[in-house]
Amino acid sequence: MDALWSEPERLAYEDALAFAREHLAFDPRDHDRAGKLWREGYLTCGSRLFPGLCIPTQFGGRGLSYPETLAAMEGLGYGCPDTGLLFALNASLWTVAMPIAQFGTDAQRQRWLPGLSNGSLLGANAASEPNAGSDIFSLQTQATRDADSWILNGRKTWITAAPAADLFLLFATTDPSRGPLGISAFLIPANTPGFQVVRTIPKLGMRTAPMGEILLNNCRLPAESLLGREGRGARIFQFALEWERGAILAPMLGTLRRQLDRCLDFARSRKQFGQPIAKFQAVSHRLVDMAIRLESCRPFLLAFARTKAAGRDALALASMAKIHLSEAFLQNSLDAIRTLGAYGYSEDAGIERDLRDSVGGVLFSGTNDIQRNIIAQSLRL
Ligand SMILES: Cc1cc2nc3c(=O)[nH]c(=O)nc-3n(C[C@H](O)[C@H](O)[C@H](O)COP(=O)(O)OP(=O)(O)OC[C@H]3O[C@@H](n4cnc5c(N)ncnc54)[C@H](O)[C@@H]3O)c2cc1C
């Protein structure tokens, strides 16, 4: 499948893999137990502008193409076992930095993108609410105009990296009577008075990307906090989510490769009944299925990245990539545990963490049921 890459894409992958092996091959077990983001690891990624890989160089990013960026993310995932760290980094890139690059004023781009690219700032996207999940445009957080300010009130939940993030792209309604056309997007620094992360939410996986709940209590923002025009929030949300669905799972492809390497080595060396377990067809066929799932992921990622690089929408393709990668991650993690037996089930192997990390993939960025609805619509069903 390497043949799918151009030479610059392969180089971006090799470079990121070498970087991750040298700087990010750190056992995340303690951070996972503590539910803590590895901030130093994020800063290290920032020293090579990984959080801003495809952000234009004039705004402090690395200026790579989208296919190069996804190849590099795959390389990072292969070399770095801290899936939550890379999840938080990618959430910041695709759902905060990219919308600012696309919809921001020059002043907003100059103010935020260099920090979001060099790791001094981590971004988080806040849309979900207690009563607005899949039906996201029923959100109730309200923004009202007061002279030169906006005043926000409401509650956001399930927000990736909220306890650690510095900047939030947050969606609120500025005109509830207009439904999706009344939604607007705001850029909110974490230290804004009236803005508070009130709870860190304990959860199954991705614990190194801690998740939080936010309360907005008469949170006053200057007019220039609005991203894009008033009433353009739904469009900005869809833009961010298309990127997230198509790209955020790229590092997990590296995780799948690491798992397969592990399982192949184990199956060749572990002996039962006097022979390596790889000689049992039940085991070798499971490894073959893992390899097929892994190798069929990259074409989806590349098709998405090349379509976006050509300036075209890739809504259905993003949903297909998201379903395919997230379900491959879940199934391969389970199959890796079956292959390694009780050792795979133990914390020592690190695969039980992969399995826990993989479950969220079928839920975030819109559940896979919602992705299937989007694809069905594209098929005019
Ligand atoms: C790991 C993780 C990270 C997240 N990060 C963020 C974040 O950073 N920012 C943020 O804003 N949110 C985030 N979320 C929230 C996420 O976007 C929501 O969980 C998701 O949109 C689903 O909403 P819900 O959980 O309220 O489920 P619900 O919408 O209540 O859905 C419950 C069930 O009903 C099904 N369902 C609902 N409507 C339909 C329909 N029309 N057709 C078919 N089935 C349907 C769903 O598929 C699901 O099975 C995150 C969630 C997770 C798990």
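This passage looks at how the ligand sits in the protein. The model is a predicted one, and the ligand in it takes up the space of the largest pocket. As for secondary structure, β3 (149-160) and α14 (368-378) are the elements that each put two or more residues into the surrounding shell. At the domain level, domain 2 (125-231) and domain 3 (238-378) each supply at least three residues to that shell.

The shell itself is made up of 15 residues, and those that come nearest to the ligand are N125, S128, S134, T367 and D369. Sorted by class, the shell splits evenly between seven nonpolar and seven polar residues, with one charged residue making up the rest.

Turning to individual contacts, two of the nearest residues show up again. In S134, a side-chain N or O atom sits 2.6 Å from an oxygen atom of the ligand. The side chain of D369 does likewise, with an N or O atom 2.6 Å from a ligand oxygen. On the nitrogen side, N373 places a polar side-chain atom 3.0 Å from a nitrogen atom of the ligand. Both D369 and N373 fall within the range of α14 (368-378). With these contacts in place, how much of the ligand does the protein cover? Taken on its own, the ligand has 980 Å² of accessible area, and 62% of that is covered by the protein.

Definitions and conventions. Residues numbered from 1 in each chain as written. Predicted model: local features only at pLDDT ≥ 70, side-chain atom pairs only at ≥ 80, totals over all residues. Heavy atoms only, no water. Near = heavy atom within 4 Å. Polar contact = N/O pair within 3.5 Å; in protein donor to acceptor, adjacent residues only side chain to side chain. Areas by Shrake-Rupley, 256 points an atom, 1.4 Å probe, with all protein chains shown as cover. 1 Å grid on protein atoms, 1.4 Å probe; cavity = no way out; pocket = protein on both sides within 12 Å on 5 of 7 lines; lining within 4 Å. Sits in = over half its atoms within 2 Å of the grid points. Helix = DSSP H or I, 4+ residues; strand = E, 2+ residues; numbered from the N terminus. Nonpolar A, V, L, I, M, F, W, Y, C, P; charged D, E, K, R; others polar. Domains from an automatic or database assignment.
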